[in-house]
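The following exercises are to be worked with the sequence and the coordinates at hand. Each task is followed by a solution in steps.

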Amino acid sequence: MGFFLETLFGGLMTGMLYALVALGFVLIFKASGVFNFAQGAMVLFAALAMARFSEWIPGWLGMAPGVLSVLLAIVVSILIMVGVAWLIERLALRHLVNQEPITLLMATLGIAYLLDGFGPMIFGSAVYSINVGMPKDPVFILEGMFEGGVLVSLEDFYAAGIAAALVAALTVFFQFTKTGRALRAVADDHQAAQSIGIPLARMWVIVWSVAGVVALVVGIIWGSKLGVQYSLSLVALKALPVVILGGLTSLPGAIIGGLIIGVGEKLSEVYLGPMIGGGIENWFAYGLALALLLVRPQGLFGEKIIDRV
Amino acid sequence: MFYRENGQFKTSYRADQQIFPILQDRVAVLLLLALAFVAVPLLASDYVFQAVLIPFLIMALGALGLNILVGYCGQISLGTGAFMAVGAYAAFNFQVRFDGMPLLVSLLGGGLVAMVFGMVFGLPSLRIRGLYLAVATLAAQFFMDWLTSRAKWVTNNSSSGSVSAGPLSIAGWKIDTPMEKYLLCLAILCVLALAAKNLVRSAIGREWMAIRDMDVAAAVIGIRPMYAKLSAFGVSSFIVGVAGALWGFVHLGAWEPAAFSIDRSFQLLFMIIIGGLGSIVGSLFGAAFFVLLPLFLNYVPHWLGLPLSTATATYLEHMIFGALIVFFLIVEPHGLARLWSTARQKLRVWPFPH
């Protein structure tokens, strides 16, 4: 039982991180109808910026590395992500308004390639570490209930807390602010939104910036866990089935989808893996998403897809 | 001036329905074929065969297959690498498990197995489409990555996980020099490209295009979506599977699962975007572009006297590809093929503008 719970917790924590990446997808899809394949590349780019600036800033300003320098690095990274968002809107999306979703998807694939090349070129391509002072010690919980308790990492708990806060903030933003409403209108129909006076260009910059900030959060959490390296951009591929499972248009769906995939992955690896050769983590999520798609094409919480001819 | 069709009257339905209705085109294609089959083998060096021509031919074949699915039938696929892997590993298994299996039969067998695999993973396309389908085809990719690296029977219990094709020969013809390999690939590409061209301009090709343009409307006018979509998946996967088998057998010789990773899928998709969606000749342009650009990026700094490190060159290549994809989608969504046909149209009416 203790082992099962440990696997379960491990899965929940990984799931939370998948959910964060998935959140970036859902944000952009909700607000612009673009399925942003570049989210993974943005995570890598943001993490690289964060890792390098937290190294460089103390040197430039002649201060000791500490809370202040980390905060400064975060601010600089956020500014960079906003700049990236502005450039993407200016150079790519502005010219692709009202195009087919598939065209936009392929454009984001191109952007992903661009960022994947650009990031390492200016920031270097070694493995970097991010240290924002999150505690890394493992702790035992529920010791009263089981012998030996359940081993969890404190870092994961913080990460999960940050993720939950982020989701809450974004939900409020989308539901209750004027900008959020405008974003939802844009997602519904570009043309209609434009015709009632919503500035499309500014909306897209806003939502891509928000997605960039989410990418930065993911980059910091994953980066401080695993180090900043190219494989970070592959977490996006992990998050795809999460979005499909939860529904492309639902923020809570991304979270719940992430948790289901995280737990499913770990449990299947531990209990099902040995039977068919192990290493099934990588495609299990896709299998799960595929099976659900056949029954419920819009995902668990997505809006129903209606075809009009 | 020479590219005129004045006086070329079509007096039969046959003449009206030729692939190349203009005489000059037919002459040009024949000249091109003569060049490819006779002049190039006489002139090119081994390096050119191995680094440029053979990868180009095989990638062109793969892009052709993918273009049928994405460009003609509108079903986006990100699992092309997996379909190539199925072709390569199936052909390998045919070779090692059946003694004296002819090479061509193995290659075609690889294509057929890929076809079945493609149709199975094409089944979701009956219920989902667009972005969702793209993710569904990724499932094929990850499943194949896992199968080829974990399942022992796929690699014939090879201890290192890599497999090797061994010497190639067709009916006594030993294919061991790069020139002979080139000729084999060229012949296969020509046959399959001709078949594909004829398919897309026949009834089934029109069904695919109707499904692409609007599948509900196509169903209303009596096109069976299941039949059209699955046949597109089948034909496409067959060609991609043959390309995969050739990539493994002819180009690599020995390969590991990583040879058919997700990067390969993206590369093929980029080729058809840059070359031109829904165009057979566009697949060739895209593949040529994709093979030549890295070489170009390697040589240009040398000529200019700017030494570029390998890492920088790789990143630069990434960036240029990414930028080009966005550029093409914005400026010319129909790719190089559209530029080509615009140029031909201009030439036809020259010196008049219309």
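What percentage of the 354 residues of chain B count as buried? In this predicted model, 44% of the residues of chain B count as buried.

**Exercise 1. Describe the overall form of chain B.**

Step 1. Begin with the secondary structure: chain B contains 14 helices and four strands.

Step 2. Take the extent along the principal axes. The C-alpha atoms of chain B fill a box of roughly 65 × 60 × 45 Å.

Step 3. Compare the radius of gyration with the globule rule. A compact globule of 354 residues would have a value near 20 Å, and the 21 Å of chain B agrees with this.

Step 4. Consider the contacts between residues at least 6 apart in sequence. In chain B, 76% of them join residues at least 24 apart.

**Exercise 2. Carry out the corresponding description for chain A.**

Step 1. Chain A has 11 helices and two strands. Along the sequence their order is α-α-α-α-β-β-α-α-α-α-α-α-α.

Step 2. The box filled by the C-alpha atoms of chain A, taken along the principal axes, is roughly 65 × 60 × 35 Å.

Step 3. For 309 residues, a compact globule would have a radius of gyration near 19 Å; the value for chain A is 20 Å, which agrees.

Step 4. Of the 309 residues of chain A, 49% count as buried. Among contacts in chain A with a separation of 6 or more, residues 24 or more positions apart account for 75%.

**Exercise 3. Characterise the contact between the chains, as seen from chain B.**

Step 1. Count the participants: 36 residues come from chain B and 39 residues from chain A.

Step 2. Assign the chain B residues to helices. Helix H6 (131-150), helix H9 (215-220), helix H11 (262-275) and helix H13 (310-331) of chain B each supply at least two residues of the side that touches chain A. H13(B) gives the most, with 13 residues.

Step 3. Sort this side of chain B by class. It has 29 nonpolar, four polar and three charged residues.

**Exercise 4. Establish how H13(B) is placed, given its contribution to the contact.**

Step 1. Check the length. H13(B) has 22 residues and reaches 31 Å from its first C-alpha to its last, close to the 32 Å expected at 1.5 Å a residue.

Step 2. List the buried positions of H13(B): Tyr315(B), His318(B), Phe321(B), Gly322(B), Ile325(B), Val326(B), Phe328(B) and Leu329(B).

Step 3. Locate them around the axis. They cover an arc of only 165°, and therefore lie on the same side of H13(B).

Step 4. Examine the face turned away from the buried side of H13(B): it carries the exposed residues Thr310(B) and Val331(B).

Step 5. Identify the cover. The buried residues of H13(B) are covered by elements including helix H4 (101-123) of chain A, together with H11 and helix H14 (335-349) of chain B.

**Exercise 5. Decide how far H4(B) is enclosed.**

Step 1. Helix H4 of chain B covers residues 80-97. Its 18 residues should span 26 Å at 1.5 Å a residue, and its end C-alpha atoms are 26 Å apart, which agrees.

Step 2. Since 16 of the 18 residues of H4(B) are buried, this helix is largely enclosed by the rest of the structure.

**Exercise 6. Classify Ile255(A) and Val220(B) as buried or exposed, and place each one.**

Step 1. Ile255(A) lies in helix H10 (residues 251-276) of chain A. It counts as buried because it has 26 C-beta neighbours inside 10 Å, the threshold being 20 or more.

Step 2. Beyond its neighbours within four places in sequence, Ile255(A) is in contact with Ala19(A) and Val167(A). Ile255(A) and Leu23(A) are 232 residues apart in sequence, yet their C-alpha atoms are 7.5 Å apart in space.

Step 3. Val220(B) is found in helix H9 of chain B. With 10 C-beta neighbours inside 10 Å, Val220(B) counts as exposed, for which the limit is 12 or fewer.

Step 4. The C-alpha atoms of Val220(B) and Leu297(B) are separated by 50 Å, with these positions 77 residues apart along the chain.

**Exercise 7. Find the residues with the most partners in the largest nonpolar core.**

Step 1. This core has 208 residues, of which Leu61(B) and Leu246(B) touch the most other members.

Step 2. Helix H8 (residues 200-226) of chain A gives the most to this core, with 17 residues.

Step 3. Not counting residues up to four places away in sequence, Leu246(B) touches Ile58(B), Leu61(B), Leu107(B), Cys185(B), Ile188(B) and His251(B).

Conventions: Residues are numbered from 1 along each chain as its sequence is written. Chains are lettered from A and ligands numbered from 1 in the order in which they are written. This is a predicted model: local features need pLDDT of at least 70, side-chain atom pairs count only at pLDDT 80 or more; totals for chains, interfaces and linings use all residues. Ala, Val, Leu, Ile, Met, Phe, Trp, Tyr, Cys and Pro count as nonpolar, Asp, Glu, Lys and Arg as charged, and the others, Gly among them, as polar. Two residues are in contact if their C-beta atoms, placed from the backbone, lie within 7 Å. A nonpolar core is a set of buried Ala, Val, Leu, Ile, Met, Phe, Trp, Tyr and Cys residues joined through C-beta atoms within 7 Å. The expected span of a helix is 1.5 Å times one less than its number of residues. The arc is that of the directions from the helix axis to the C-beta atoms. The radius of gyration is taken over C-alpha atoms; the globule rule is 2.2 Å times the number of residues to the power 0.38.
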